[in-house]
Amino acid sequence: MQQKRHTDREYEAELGRVRDNLLRMTGRVEQMIADSVRALLDGDVPLAKRTIDDDHKVNRLEVDTDDLCLLILAKRQPLGSDLRFITLAMKMVTDLERIGDLAVNIAERAVALSGERPAVFATVLSRMADLDQAQLREAIEAFVSRDTARAEKVCGQDSEIDKLYWQLAQDAQKDMAHDGNSVERGIHVQAAAKFLERIGDHVTNLAELVIFLVRGKDIRHLGKLDES
Amino acid sequence: MSIAKPKAHRASSAETAPKKIDVRDLSAGFGDKTVLRSISMPIEDRRVTAIIGPSGCGKSTFIRCLNRMHELSPIARISGRVLLDDRDIYDRGVDPVLLRRRVGMVFQKPNPFPTMSIRDNVLAGLRLTASLRRSTADQVAEKALVQAALWEEVKDRLDDTGGSLSGGQQQRLCIARALAVDPEVLLMDEPCSALDPIATARIEDLLHVLRNDYTIVIVTHNMQQATRVSDRTAFFLTGDLVEMGATDDLFTSPRDPRTEDYITGKFG
Amino acid sequence: MRAPGPVDRRRGKIGERLFVALSIACVIIPLAMLGILLGKVVVDGAERIDWSFIKGFPSRRAAVAGIWPALVGSVYLICLTALLAVPIGVGAAIYLEEYGRRSRVAGFIEVNIANLAGVPSVIYGLLGLEVFVRLFGFGATVLAGACTLAILVLPIVIMASREALRTVPDSLREGAYALGATRWQTIRRVVLPFALPGILTGAILAVARALGETAPLIVVGAVVFITFSPDLHSQYTALPIQIFNWVSMPQKAFLVNAAAAIVVLMVVLLLLNSVAIVLRNRYQKRNY
């Protein structure tokens, strides 16, 4: 969708930098999700360790983007869609940074398993990771193209990830009750699944923010706000 | 001096207040040049309504139509109706001079009368038009200067000329002068453009208090000022009213793309 | 085009100095001439000035001839002229500037006022003779003379007042209208007070001009030799006429009298101007 440019080109460039940072952060955390789950399923401890190290790059991007947004607020006093964009960008980096942290948590579980491969849960975990990455990509695409329809789809599909988690949790508990040796494995796998489920929640947050950005209507906490 | 009318409780910002002025199909221009095209909009009682828009969009002409100052120009043209308390101010029987005592005006460049002292400036509106009882003169002057947040600064030098004040003080003097006549509506044409930021902040602070008692219409090219002081905002573009609504909504989520373009600075 | 070199700069400097010197000369030479003239007059006449000269009446003997009737006549004339010309002139200026800005009548009047200012003063004398002396029946009195002079200086008053009214910024008028003042209220309380310095200037100029007029007064019947103090209904004379008369006398002693009378005339003029300038400055200080 072709949009009009700001008359002040410096301002246009500043907004572009914020947008680029968000895209870069998204790319990184997407990679981190893929790598951490891969490390967990393949028992690849070095990959897990590399993923944990990469987190500082995401943190750097979060700090830089927040600084940029703060400056824009002070200098430009944005209004309308610019105002929504800047304030939402600051919220989005928080969600993205949390997703990065959750990927790190998954990688830590991979390290804790020290090479053991939880083959029995591979399908579900892979499916959850794929869903997370796809949803994240969809949310960012919706953001870039200001497409609320795509963002709404993301919100709708959060329940699928939740269902997968509960299914895995039940399977893991059955497994642990059945075989005493697999308790440690079960605990770590269940934790990793929980992290993936929370990643899904953060991605839904991102999608809701995109809808607010485009429509100017806040759809967060629908039905759960105190109406007094 | 008019008897103070008992003023009803002022509606809170969220509710829609009754219409003090109702503009219907107002068109205006100079000679064969049309400046305003069929404007219809309400101005709510004891609210601050801001008029924004680029240069030449007709903002100043619009408010000058509200107190019949536009017609002072020999080539002025006006059509349409402007209802003040449900009575058309352009009716045959309406005396524009009397109208202007109900609808006051403050201009962009402060214009205190240089040949008069501060006290005489404040009372000018009453002296120019009717005789003022000497006994109440001082009280009236003090009340108006207090309302304009200028009393403390000038109370010891009321006999100095108006020109001895700073720009910001002069503008507040003009506001006091307008208020002394006890109008119902106050029109302000970019009142802070010629002032420094501190003087501007003083006047904006003043508006927060004034709007409890007066209906205020303020033309401004400073959008941030509009967001700070007004309850309702109307966006004009080349003579048309593009959008009007609650200030908070208009500046965070405007409905018309032209409004969005203007407030985000995307004009070519 | 190459940058100015040292030769160009020197030429430029010389040219500038030459120009400055020329300008100063243009100011000094006329002032010097005037100064010499006045100086000679003062030197010639100063000795003759004393109370007897001022209070004395014209006589065939130069030593006792005085200027009292002429002085009284001149004072009467300028007072009446001012009283007539200033209100009418200011009123006309107000009409032209405030009410008739764009009407064709105002435009027509405007063009003709400038023309009137250039008409030789003798013509006004002829007009005054026919209208005031004969038609109105004032006869050869101070009244007729003052009316004639009033019409003569009217264009000056009108033009100066118009300029003064033009200096009033429109923002002041708008401020008054916005308060609910009528046009007349605005003029009376806002515009006129602001324009007062300029209007006073016009009045000064008018009076100064009237003081020095000779020809039109002679046409309307001012006489040269009066042995009594004139009043509104009698014959009269004026200082310039008296001076002209003495200068024409063959006796050298009368030249001294003439010089003395000129000094008195100048003193009166200076007094008038000073008063008006003081008034004007006082009002001008308020305006800014």
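**Three chains, one question at a time**

Me: In which loop of chain A is A:A119 found?
Reply: A:A119 is found between two helices of chain A, where helices (H or I, at least four residues) and strands (E, at least two) are DSSP runs, numbered from the N terminus. Before going on: this is a predicted model, where local features need pLDDT of at least 70, side-chain atom pairs count only at pLDDT 80 or more, and totals for chains, interfaces and linings use all residues. Residues are numbered from 1 along each chain as its sequence is written, while chains are lettered from A and ligands numbered from 1 in the order in which they are written. So the place to look for A:A119 is the loop between α3 and α4 (122–145).

Me: Does A:A119 count as buried or exposed?
Reply: A residue is buried if 20 or more other C-beta atoms, placed from the backbone, lie within 10 Å of its own, exposed if 12 or fewer, and partly exposed in between. A:A119 has 9 C-beta neighbours inside 10 Å, so it counts as exposed.

Me: How many Å separate the C-alpha atoms of A:A119 and A:E30?
Reply: Along the chain, these two residues are 89 residues apart. In space, their C-alpha atoms are separated by 23 Å.

Me: What does helix α3 of chain A reach from its first C-alpha to its last?
Reply: α3(A) covers residues 80–112, which is 33 residues. The expected span is 1.5 Å times one less than the number of residues, and for this helix that gives 48 Å. The model comes close to that, with a reach of 48 Å.

Me: Which residue with a positive phi follows α3(A)?
Reply: Look just after the helix for a phi near 35°. The residue that has it is A:S114.

Me: Which two chains have the most contacts?
Reply: Two residues are in contact if their C-beta atoms, placed from the backbone, lie within 7 Å. Two pairs of chains touch, but chains A and C are not joined by any contact, their closest C-alpha atoms lying 34 Å apart. The pair with the most contacts is chains B and C.

Me: How do the residues of the side of chain B that touches chain C divide?
Reply: This contact takes 24 residues from chain B and 20 residues from chain C. On the chain B side, α2 (96–102), β6 (103–106) and α3 (118–129) each supply at least two residues. Ala, Val, Leu, Ile, Met, Phe, Trp, Tyr, Cys and Pro count as nonpolar, Asp, Glu, Lys and Arg as charged, and the others, Gly among them, as polar. Sorted that way, the chain B side comes to 12 nonpolar, eight polar and four charged.

Me: Which helix gives the most to the side of chain B that touches chain A?
Reply: Here the contact takes 13 residues from chain B and 15 residues from chain A. In chain B, α8 (223–229), α9 (247–252) and α10 (257–263) each supply at least two residues. With three residues, the one that gives the most is α10(B).

Me: What radius of gyration does chain B have?
Reply: The radius of gyration is taken over C-alpha atoms, and the globule rule is 2.2 Å times the number of residues to the power 0.38. With 268 residues, a compact globule would be near 18 Å. Chain B agrees with that, at 18 Å.

Me: In what order do the four strands of the open sheet in chain B stand?
Reply: Two strands pair if DSSP finds at least two bridges between them, and the pairing in this sheet is antiparallel. β1 (19–30) pairs with β2 over eight bridges, and β1(B) also pairs with β4(B) over eight bridges. β2 (33–44) and β5 (87–88) have a single partner strand each, so they stand at the edges. The order is β2-β1-β4-β5.

Me: Which residue in β2(B) is the bridge partner of B:L26?
Reply: The hairpin of β1(B) and β2(B) has two residues between the strands, and B:G31 takes a positive phi near 60° there. Across the strands, B:L26 has as its bridge partner B:I39.

Me: How far apart do the C-alpha centres of domain 1 and domain 2 of chain C lie?
Reply: The bounds, which come from an automatic or database domain assignment, are 6–48 for domain 1 and 54–286 for domain 2. Six residues of domain 1 are in contact with six residues of domain 2. The C-alpha centres of the two domains lie apart by 32 Å.
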